[in-house]
Amino acid sequence: MDPTPHLRVEPAPTTVFRHLEARGDRVRFRVPRPDGSERLVRWHEMAAQVRAIAATLRAHGVGPGDKGAVFAGNSVEWFFAALAIEAVGAAMVPVYPTTTADGLAYMLEHGDVAVVFVDGPDQRVRLAEVAAGLPKLRLCVTLAGDAEPLGALPSLTWPAAIAHGEAVDAAEPGRFEADLAAIDLDTPAVMLYTSGTTGRPKGVPLTHRNVGVNGCDWLRCYGSLVEEGDVDLLWLPLSHIFGFGEACLGNTLGFESTLTTPALVLDRLTDVRPHVFMSVPAYWEKLATLAAAEADPGAALRRLTGGRLRFCLSGGAGLNLAVKEFFAAHGIVIMEGYGLTEASPTLTLNRPERYRFDSVGLPLPSVELRLADDGEILARGPSIFAGYHKDPDATASTLDAEGWLHTGDLGRFTEDGFLQIIGRKKEILVTAGGKNVPPANIESRFADDSLIAHVVVYGDGKRYLVAGIWLDPAAAAAATAGMDAAAARARLEAEVAARIERVNQDLDRYMTLKRFRIFPGALTVEDGTLTATLKLRRKAIDAVYGAQLEELYA
């Protein structure tokens, strides 16, 4: 596809209405129902609901300079609410549906949020706990369930908000179009809270220009892999810029998107047969494992993915090299890139005509990259944010006087210009012997181990390094089938010890793991030990497991 007609920097809701006449009767979303049927959501329905919700927001005083939050799981209503917030000139603040009441209160208060959309009873309960302490909050809209008042906070159901907005819109002809046309591209479109490894999350405002430029860069890189009206399978959280970006790309290119869940996504690949599939590494790895177990891996891979994949993207974390090579050997090339929220979010991408699997790609057309003297990756360009919300100190430590974003990641360039990530500047362990150890460099060596789900290297200030180990439940059960508890423990200890020894053989002596402990259960987003993109939260892990890891030095 020639991307040129789509290379426009414009607010996300503008894209919907610009294409409405041509696409009005086409299906935009397929939403599964519990009985196995599908609800078809056409473009004209999407546009009408965005317009109506925008009118309701306007009637409650929400407009330029304000912020609206969406605290819910994936749904078409989630996406329409986000577009409506942007359509009145406000900034959309996504909040993960698993966020605790304390985390919710922080984001709504710190973000000066005026309206919040919630999913249903679970989110309403958490909002009810904190609503009284949020005087700037003016309205709650419930996407599913009732709309019982939350104290003094007005509350509407989604259908009631639609009906109210339709009446307001009819009474103010032309107002919606005027508001949309008046949006300043250099005002915030979204404000995302970074799930960092320490401290409270930071608010990252991204302007319409920031995300628009980044979107145009994507199209320049991947125009040859996508076509108007492609089918995609949308399961990534809309609360994350990866998932929201996929949904917005679908609006630009007229995708027909089937909504699904993380638990069902691999099963849906076979019947939806998407042209576009964006995923985190775990799902690509699972597909590779399933296909490799069959007599004809190529045929298995085509069956498992539906046989029509054209644009495959992996993000959120690094994908194992062997997995990328396995897919490529069977005719499916998985593109991979690198970025962070503050960069809207992408800085580099591999290209269909030029890629290296041992890298995260080449800089985007609008991005300037260089390495600092210590190897930190620095970035500059129109997609880089202007600073954290209400946090000048954090801004000053992240953006320098020349406009360079200090990513906190360590990298190197290959001889042909591709970027490789080699570590994290801010996650360095310094041993008692003065050796600097990036723990992620050790942990990543276990990434393709089917038995081990997570490894956390520990040992800051210590004479040697140790590790906490969390196992994959299914793999552990298979390895110990038929054994009693004592024999199973011994078997798993031996298996983990052998794996660590293999890794140790390739490490400098000061980086080797001398002892380990297998912990029950799992690290999860819900318990705060993983970020929303499944990265380790070291401070939280240390708080929960640090005392037991310290015992390894006894």
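In the predicted model, Lys390 lies in the loop that connects strand 18 with helix 15 (392-398). This residue adopts a positive phi of about 60 degrees, although it is not a glycine. Because its relative accessibility is 46%, Lys390 is classed as partly exposed. A positive phi is also found at Asp112, likewise a residue other than glycine, where the angle is near 55 degrees. Asp112 belongs to the loop between helix 5 (101-110) and strand 5 (115-118).

A further backbone feature concerns a proline. The peptide bond leading from Ser344 to Pro345 is cis, and its omega is near -5 degrees. Pro345 is placed in the loop between strand 14 (334-339) and strand 15 (346-349).

Strand 18, which precedes the loop of Lys390, is part of an open sheet. Four strands make up this sheet, arranged in the order 17-18-19-20, and their pairing is antiparallel. Its edges are formed by strand 17 (368-371) and strand 20 (419-424), each of which pairs on one side only. On average, neighbouring strands of the sheet are turned by 50 degrees against each other, direction ignored. Within the sheet, strand 17 and strand 18 (residues 376-380) are joined in the antiparallel sense over four bridges. One bridge partner in strand 18 is Arg380, which is matched with Glu368.

Antiparallel pairing also links strand 8 to strand 9 (residues 203-207), here over five bridges. In this pair, Met191 stands opposite Pro205 of strand 9. Strand 8 (residues 188-193) is largely enclosed by the rest of the structure, because five of its six residues are buried.

The cysteines were examined for possible disulfides, and the count comes to zero. For Cys216, the closest cysteine sulfur is that of Cys221; the two sulfur atoms are 11 Å apart and therefore too far from each other for a bond, given that a disulfide requires sulfur atoms within 2.5 Å. Cys216 is itself buried, since its relative accessible area is 5%, which falls under the 20% limit for that class. For Cys248, the closest cysteine sulfur is in Cys216, at a distance of 13 Å, so this pair is also too far apart for a bond.

Terms used: Residues are numbered from 1 along each chain as its sequence is written. This is a predicted model: local features need pLDDT of at least 70, side-chain atom pairs count only at pLDDT 80 or more; totals for chains, interfaces and linings use all residues. Side-chain values use heavy atoms; hydrogens and water are left out. Two strands pair if DSSP finds at least two bridges between them. Helices (H or I, at least four residues) and strands (E, at least two) are DSSP runs, numbered from the N terminus. Axes are lines fitted to C-alpha atoms, for helices over the stretch in contact, and angles run from 0 to 180 degrees between N-to-C directions. Buried means under 20% relative accessible area, exposed over 50%, partly exposed in between (1.4 Å probe, protein chains only).
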